[in-house]
Amino acid sequence: MPRALLALAVGAFGIGTTEFVVMGMLPEIATGLGVSVSAVGLLISAYAVGVVVGAPTLTALGVRFSPRQTLVALMVVFVVGNALSALAPTYETLAAARVLTALAHGSFFGVGAVAARRLVAPERATQAISLMIVGLTLANVVGVPLGTFVAQQTSWRFVLGGIAVIGLVTIAGLLAWVPAGVGERGDLRAELAAFRRGQVWLVLGLTMVGFAALFAVYSYVSPILTELGGIPEGWVTPVLALFGVGTTVGTLAGGRLGDRYGFSFVAVGLLATVVLLAAFAFLARTPVAAVVLLVLFGTVAFSMGPVVQNGVIEAARVRGGSLVSAANQAAFNVANAAGAALGALVISRGLGYTAPMWVGAALALAGTVLALLARRADHRETARVDADVRQWRQTVGAEVRRAA
């Protein structure tokens, strides 16, 4: 695999760390700025809003530039945002800086996915995307726990400043390893025209529904483990680390299997998610079974991410595809918000902590249907293209014979 994928993975690691590490630094930030923990918690929502807004906006602005130029510019925004966050004198300044940082998030993954698949042969496109996304999963295994520890021992400002340095390392890697000519400058009209394709919206819907199943459960994983599974609070962090390892393994496996099986793999994965969540609901009060099922759930859920990301780019059928790729990142964050909200709804109705699992199972089942429809549409499109190629060859052959 090209070294350029390492640069993309480092950038993904920095982005994943800055997104999630705030959750582990809530008390320290609240104390440092003299605000409540709940107020600092709103920074998480502000970041999500920045991702949804920035993904299509910055990607559209960067269409006229090469992928490398766009990625470097996005990392500059990322570095500035984290540096300002580290130096923020007030809560309001920190909130603004976090939104600025988030603007680069979705666009980086969107454009990065397009660049990654251009660095390898077409039959390894999903695998290349998975290697970039692994940086995000490793952020949860290494970056977030390490950042939380550093914040507790020193200062949360050092953590955000260190993430800015990761951004600088990414910029150096992008300039050194990503070929200047990888990918083409896009055409905004063509990129926007891709959204007229029903297949694109089908895949975006698959992302929003299918991955909402993940967040319906994962958003409440701590009380699920402690109140249902009876696992001591001190063991929650090691269990989440195992979950992170599972997501990393799943992402790598999905990259390899996705290139071969495409949306068929996604359909099977979502159906497996239904089975795992149903089993989780029945066995959540057994600690060992709860941990095993949670890790398997994370492994399967994240294995589908690279496949769907590559699938939406191919569904666009345009020269670049960065705008639909970024839109898929926005859809992923919509899934985050929707899944968490639906989980909160059933819990607030007094249905208990197994209820989000049944919500997730229902969402995964609906996602399975969408994956099968996407698979069918993909096969029909491939057949149509093959038919056009055969017709072209027949036409050219007839003309050659007449000329002879």
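User: Leaving aside its neighbours within four places in sequence, with which residues is F280 in contact?

Analyst: The model is a predicted one. In it, F280 is named with V266 as having the most contacts inside the largest nonpolar core. Once neighbours within four places in sequence are set aside, the contacts of F280 are V217, I224, A290, L293, L294 and M357.

User: Which helix gives the largest share of the largest nonpolar core?

Analyst: This core has 119 residues. Its largest share amounts to twelve residues. These come from residues 91-118, that is, from helix α5.

User: Which side chains meet in a salt bridge, and what is the N to O distance?

Analyst: The count of salt bridges comes to one. It pairs R117 of helix α5 with E314 of helix α15 (residues 305-316), and these parts of the chain are distant, with the two positions 197 residues apart. The side chains that meet are those of R117 and E314, with an N to O distance of 3.3 Å.

User: Does R117 count as buried or exposed?

Analyst: The cut-off for buried is under 20% relative accessible area. R117 has 16% relative accessibility, so R117 counts as buried.

User: What is the class of E314 by relative accessibility?

Analyst: A residue is partly exposed when its value falls between the buried limit of 20% and the exposed limit of 50%. E314 has a relative accessibility of 33%, and therefore counts as partly exposed.

User: Which residues that line the second largest pocket are the closest to its centre?

Analyst: The second largest pocket holds about 260 Å³ of space. Its lining has 16 residues, and the elements that give two or more of them are α12 (236-261), α15 and α17 (355-403). By class, the lining divides into four nonpolar, six polar and six charged residues. The closest to the centre are G258, G262, N310, E314 and D378.

User: How many charged residues are in the lining of the second largest cavity?

Analyst: The search of the whole structure finds two cavities of 30 Å³ or more, and the second largest has a volume of about 30 Å³. G210, F211, A213, L214, L270, T273, A301 and M304 line the second largest cavity, with α10 (212-218) and α13 (263-283) as the elements that give two or more residues. By class, six of the lining residues are nonpolar and two are polar, while the number of charged residues is none.

User: Which residues does Q329 touch, not counting those up to four places away in sequence?

Analyst: Q329 lies in helix α16, which spans residues 322-348. The relative accessible area of Q329 is 12%, so this residue is buried. Apart from residues up to four places away in sequence, Q329 touches G106, F109, G110 and Q309.

User: Is G54 buried or exposed?

Analyst: G54 has its place in helix α3, residues 37-62. Buried requires under 20% relative accessible area. The value for G54 is 1%, and therefore G54 is buried.

User: With which residues is G54 in contact, leaving aside its neighbours within four places in sequence?

Analyst: Contact here requires heavy atoms within 4.5 Å. With neighbours within four places in sequence set aside, the residues in contact with G54 are T59, L103 and S107.

User: How many Å apart in space are G54 and A116, C-alpha to C-alpha?

Analyst: In sequence, G54 and A116 are 62 residues apart. In space, their C-alpha to C-alpha distance is 20 Å.

Methods. Residues numbered from 1 in each chain as written. Predicted model: local features only at pLDDT ≥ 70, side-chain atom pairs only at ≥ 80, totals over all residues. Heavy atoms only, no water. 1 Å grid on protein atoms, 1.4 Å probe; cavity = no way out; pocket = protein on both sides within 12 Å on 5 of 7 lines; lining within 4 Å. Points joined across faces, edges and corners; volume = space filled by probe spheres on them. Helix = DSSP H or I, 4+ residues; strand = E, 2+ residues; numbered from the N terminus. Nonpolar A, V, L, I, M, F, W, Y, C, P; charged D, E, K, R; others polar. Core = buried A, V, L, I, M, F, W, Y, C linked by side-chain atoms within 4.5 Å. Buried < 20%, exposed > 50% of the residue type's maximum accessible area, 1.4 Å probe, protein only. Salt bridge = Lys/Arg side-chain N within 4 Å of Asp/Glu carboxyl O.
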